[in-house]
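Thanks, everyone. I'll take a few minutes on one model, so please have the viewer open.

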Amino acid sequence: MRDIKLVYFSPTGTTKAVVQAIANGIDSSKVEFIDITKPEARRQELKTSENELLIIGVPVYMGRVPALLEEWFNALKADNTPAICVVVYGNRAYEDALLELKDIIKERGGLPIAGAAYIGEHSFSNSETPSIGRPDRDDLDHAAAFGVSIRKKLHAAKEIQEVEVPGTHPYGGITELWDVDFIAVNDDCKQCGACAELCPVDAIDPQNSSVIDKDKCITCCACLKKCPQHAREMKPGPVKDAQGRINTLFVDRKAPECFL
């Protein structure tokens, strides 16, 4: 079995959980975790060989691969490396994100042999959101089973073929994120700095967590979900309105989709 390079951008941990479950199903003796969530990690170049297996997972933002990863992807150098492309979305739609991720990996020298779209808790979720708590146990068991199928394909195939995934050219969706002041910080805040430490774009002032650079903010809501004091909440406005639409328009449970 090939050594695995497991790459993920995962501000709230959902994408990490999915790709780790897939890797568990593949059951390699050596897995290298490469977390590109923080800015300093995205400044490190990655090179992979044809003797390795690349599993890469990203969340879907507005139907697309997060635009902030473009510079890191441009520095990726793969040498005919078999790759599993994974996108995670909040029970709405993944649109062309999986095809876009596959195209990026292929352009950087990888060989996409499998693809998948899994459901994770939406960035804008609250207790009423249908995607709350996902990926759940059923999702992770499904991901592990997908990993088993990948392992069988690698063992059985004399020649590994490129996978076909859904999507259209040119890509739909939106690459520009909202430039909006949407986070309120209440008196329960202890200025512990946890939110600034986990922010994937360094948008929060570590000395004053109520100061947020809205030009940097990618509305991932990791700081809201991970605040130990639950001192951060959404202000009334477009993000709060989007949360309401997600809670009412996308109530049917979506199932993972895998392509091998």
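Start at L54, which stands opposite A83 in strand 6. Keep in mind that this is a predicted model. The pairing of strand 4 with strand 6 is parallel and covers six bridges.

Now zoom out to the sheet. It is open, with six strands in the order 2-1-4-6-7-12, and the pairing is mixed. At the edges sit strand 2 (31-35) and strand 12 (257-259), each of which pairs on one side only. On average, neighbouring strands of this sheet are turned by 15° against each other, ignoring direction.

Next, what packs on the sheet. Helix 1 does, and it touches strand 1, strand 2, strand 4, strand 6 and strand 7. The direction of helix 1 makes about 155° with that of strand 4. Helix 4 lies across strand 4, strand 6, strand 7 and strand 12, and runs at about 160° to strand 7.

Let me stay with helix 1, residues 14-26. Is its length what we should expect from its 13 residues? At 1.5 Å a residue the span should be 18 Å, and the end C-alpha atoms are 19 Å apart, so the two agree.

Which residues of helix 1 are buried? They are T14, T15, V18, V19, A21, I22, A23, G25 and I26. As a reminder, an α-helix has 3.6 residues a turn, so residues three or four places apart point the same way. The cover over the buried residues of helix 1 includes strand 1 (3-8), strand 4 (52-59), strand 6 (81-89), strand 7 (110-119) and helix 4 (137-156).

One last detail: just after helix 1, D27 takes a positive phi of about 65°.

Terms used. Residues are numbered from 1 along each chain as its sequence is written. This is a predicted model: local features need pLDDT of at least 70, side-chain atom pairs count only at pLDDT 80 or more; totals for chains, interfaces and linings use all residues. Side-chain values use heavy atoms; hydrogens and water are left out. Helices (H or I, at least four residues) and strands (E, at least two) are DSSP runs, numbered from the N terminus. The expected span of a helix is 1.5 Å times one less than its number of residues. Buried means under 20% relative accessible area, exposed over 50%, partly exposed in between (1.4 Å probe, protein chains only). Contact means heavy atoms within 4.5 Å. Two strands pair if DSSP finds at least two bridges between them. Axes are lines fitted to C-alpha atoms, for helices over the stretch in contact, and angles run from 0 to 180 degrees between N-to-C directions.
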